[in-house]
Amino acid sequence: MLTYAAKRLGLSVVIVSVAMALLFCMIYLVPGDPASVALGPRATEAMKEALRVRMGLDQPIWVQFWNFYSDAWRGDFGVEVLSERPVIDVVFEQLPYTLALIAGGITWSVGLGIPLGCWAAVKRGSFADRLVGVLSVAVIAIPSFVVAIYALLIFAVSLRWLPAIGAGEPGDLGDQLVHLILPSLAVGLGWVGYIARMVRASMLEVLETSHIRTARAFGLPEGLITYRYALTIAILPTVTLLGVGVGQMLSSAVFAEIVFARPGIGRLVYDAILTRNFPVVTGAVLVTTVFFVLVNLIADLVIGALDPRVRSSF
Amino acid sequence: MTKSPFHLSRRGVLKGAGAIGAAGLVWPSMAVSQDGRVLTVRSYSDLQVLDPAFRLSAPEGDIIREIFAGLVTNVSGDAWDWELYAAEEMMQEDDQTVFFRLREGIMFTDDYGMMTADDVKFSIERVADPAMESPYAGDWASLREVEVIDELSGRIHLAEPFAPLWNSTLPTSTCSILSRRAVEELGGQIATEPVAQSGRYIMTDWVPRQRTTLVRNPDWPGEPGGFEEIHIVPIEDPSTAELGFEAGDLDHTWTAVSSIQRLRDEPPPGGVVLEKPSLAYVWLGMNQVAAPLDNPNIRRAIQHAIDRQTVVDAAYFGAAATSTGIIAPGLPGHREANLYDYDPDRARELLAQEGADNLFVTLDILNQSERLTAAQVIQANLADVGITCEIKQNDSGTFWTLGDDSSGDYWQQLQLVLSRFSMEPDPSWATVWFTPEQVGVWNWERFDNAEYAQLHAEGLVTQDPAERDRIYKRMQDLMEESGQYVFLTHEVTGVLHRDTFDPGLKPNGEPLFGEFRSA
């Protein structure tokens, strides 16, 4: 298991390194002068030049690349262009909002997807099974920003059941949770469909295996067989799926944060790209990349721990 | 100043547990201004800098104005005017001298003592100081010095007359007064931590990208602000803000131009919709060094080919009027009419005269819906006279460097460009960007006219309103005669607010939070 974990960790380091190189290239290729955009129309050429020097943009590209790489590995992302606040502070201020959003999305997707998938598998071939199948495909097909807009219009504007904007009162967990309901639904709804489909298929496979047949032969209750013996095995692929899903949810979070005017990493990066605030872009993207790689690493390690075949095949 | 966003308390945990169980239950939505205590307003961007000398956006200026009092401030209403704020008396002694006396007893917070004339001297001179490299140094380019007479009185001495002083310099947040001692202790600049506040409100809390909280300043010696608290929520997208208003989460917001008609016809319950003329100006520019636009007759043909009324109607849903220049109605120098008409036949004639068959031009725009719609109508207008136009959309970071010489060579290829600038209520703020000095900086049309430059310099020192009116009208005539400009619109600002309070707004709809009062 240790060898397996070490190999996965090494691969994660490579992935982060490649992501950093790609990120640097993308930033370098983006047109537009960060100093002009940041300082606005009234800045003189001397002021713009001073800012370029401060941002290290006057250096040769290989020096910029080396500085970027070495600073990033040390965890030093520099300071925000204008407010001069440490980028790491800016990013970690926003990160909890996005993590909460993704956790909410996972809660929706797991909370609804697993029971629906199980139900469909148990009722295989019935109307309920077909209904779950149709609904699953439907929610997968609807983009998260469409869900966000309609959820907002229905539950916030028309019914006024839930708040429309913001992340809730700082320090008031209840208010923050209420503000999380609609955005996390928008982020997680599509994944309800994926997980329901995955769990159904996996359950059908497991329900046909010999140990389940044996359990039935022993006369164990059907509920116990389904949820204790079958689901615990059938759920394994879902863990891997969720690892990948976190990356997708990070993308969906951008839309949810814009539509619901929530703070978060998605909006931070979006705004930073528009204003060419490159230190914030690099800091935020690298932190989320590391987060994504870590989630997948943990998912792989969990799967490896639960299923020895995975360890031996790596 | 910033709070941990997920600070836990026993009460919070209990409320959270309750909320999870009651997720499907009704969450009561309320208009928070109804109790007259808290007002929730939207700004289109979050604050990044609180230093008056380095503010970046209008929403920052709105906050700075409330927490750091200036000598004077704008008055709400339909005409541009000012009133005393930190000053008890202001008097123009001659063209180059302004006397001021501060109100007695304006206290800086954080134990920085009483506001004095020396603080005024420090605050104004630091903006003007070239070593500070303030982008607003130009506002005080004519400053000689600020003289301190006694603890509360002083004189502002100018090296030469400066006409915009009372319109677009003194009332702006750039002229907010800071505590010399506080700023010096901070090392010369303020970032996002407000210290030594002195205005009608004080900033007590800033949760980045979520909320800025202003609280009524109990020590303010003048008329207090109308609300105990004002919560300023940064929401970039106006449509999201409109939904927030309709859901009861906001009390005041600007609206999208495209929403004005819908909201006017069917305002949300308890909502009031206002339309305010903007000072901003939108125009189609032509780069005179990029062929075929180096030919004045081709430029003139393009001017005649564009149906400005249709462009503006389509882009702004009929809510905005066409403009005659870069200076909005109500300001000195506003022109009543353009020098030419929409005349596609004349355009075809000019193109034929120049032998310009199958002409191809590019039109660069910012990727916003109004600009794209305007560009598409322009494209159709040009096609009607035989010019093929390719629209090139750019994100804001790219767009704002297209014509800048220091940002690459694209300025040589730039042909048509659809631009929008905002401004302060003095015509010099509009004309300054088109001087020869600005060629390749913000003058992307590379309009280079010596008479224009001369008139701009004269306009800055001329005090006679009639003469200024003549100067600025002539400058716009020169722009239009060059064939490099098609003036489109000044746009319109839509404001949506609850009927439970009266918003204090500048004539262009920008908020003066200190003047927001319960109805």
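**Helix α14 of chain B**

In this predicted model, helix α14 of chain B buries Tyr452(B), Leu455(B), His456(B), Gly459(B) and Leu460(B). Viewed along the axis of α14(B), the buried residues sit within an arc of 140°, so they line one face of the helix. A general rule of helix geometry applies here. An α-helix makes a turn every 3.6 residues, so residues three or four places apart point the same way. On the other side of α14(B), Ala450(B) and Glu451(B) are exposed.

What do the buried residues of α14(B) pack against? Their partners are two helices of chain B, α13 (427-431) and α15 (465-481).

The length of α14(B) can also be checked. The helix covers residues 450-461, twelve in number. At 1.5 Å a residue it should span 16 Å. The C-alpha atoms at its ends are 18 Å apart, which agrees.

**Strand β10 of chain B and its partners**

Strand β10 of chain B takes in residues 229-234. It is mostly covered, with five of its six residues buried. Strand β1 (residues 38-43) of chain B runs parallel to β10(B), joined to it by six bridges. Within this pairing, Leu39(B) stands opposite Ile230(B) of β10(B). Strand β9 (residues 211-216) of chain B also pairs with β10(B), but in the antiparallel sense and over four bridges. There, Thr213(B) has His231(B) of β10(B) as its bridge partner.

**A four-stranded open sheet in chain B**

Chain B also has an open sheet of four strands, in the order β4-β5-β7-β6. The pairing is antiparallel. Which strands form the edges? They are β4 (87-94) and β6 (143-148) of chain B, each pairing on one side only. From one strand to the next, the twist averages 15°.

β4(B) pairs with strand β5 (residues 97-102) of chain B through six antiparallel bridges. In that pair, Ala87(B) is bridged to Leu102(B) of β5(B). Helix α3 (residues 117-128) of chain B lies across β5, β6 and β7 (153-158) of chain B. The helix runs at about 165° to β6(B).

The strand pairs described for chain B are set out below.

| Strand pair | Sense | Bridges | Example of opposite residues |
|---|---|---|---|
| β1(B) and β10(B) | parallel | six | Leu39(B) and Ile230(B) |
| β9(B) and β10(B) | antiparallel | four | Thr213(B) and His231(B) |
| β4(B) and β5(B) | antiparallel | six | Ala87(B) and Leu102(B) |

**A loop residue in chain B**

Leu186(B) lies in the loop between α5 (180-185) and β8 (201-207) of chain B. Is Leu186(B) buried, exposed or partly exposed? It has 16 other C-beta atoms within 10 Å, so it is partly exposed. Burial would take 20 or more, and exposure 12 or fewer. Leu186(B) and Tyr44(B) are 142 residues apart along the chain. Their C-alpha atoms are separated by 29 Å.

**Chain A**

How many helices and strands does chain A have? The count is 14 helices and zero strands. Read along the sequence, the pattern of chain A is therefore helix after helix, α-α-α-α-α-α-α-α-α-α-α-α-α-α. Along the principal axes, the C-alpha atoms of chain A fill a box of roughly 85 × 55 × 35 Å. Of the 314 residues in chain A, 44% are buried. Among contacts in chain A with a separation of 6 or more, 73% are between residues 24 or more positions apart.

Conventions. Residues are numbered from 1 along each chain as its sequence is written. Chains are lettered from A and ligands numbered from 1 in the order in which they are written. This is a predicted model: local features need pLDDT of at least 70, side-chain atom pairs count only at pLDDT 80 or more; totals for chains, interfaces and linings use all residues. The expected span of a helix is 1.5 Å times one less than its number of residues. The arc is that of the directions from the helix axis to the C-beta atoms. Two residues are in contact if their C-beta atoms, placed from the backbone, lie within 7 Å. Two strands pair if DSSP finds at least two bridges between them. Axes are lines fitted to C-alpha atoms, for helices over the stretch in contact, and angles run from 0 to 180 degrees between N-to-C directions.
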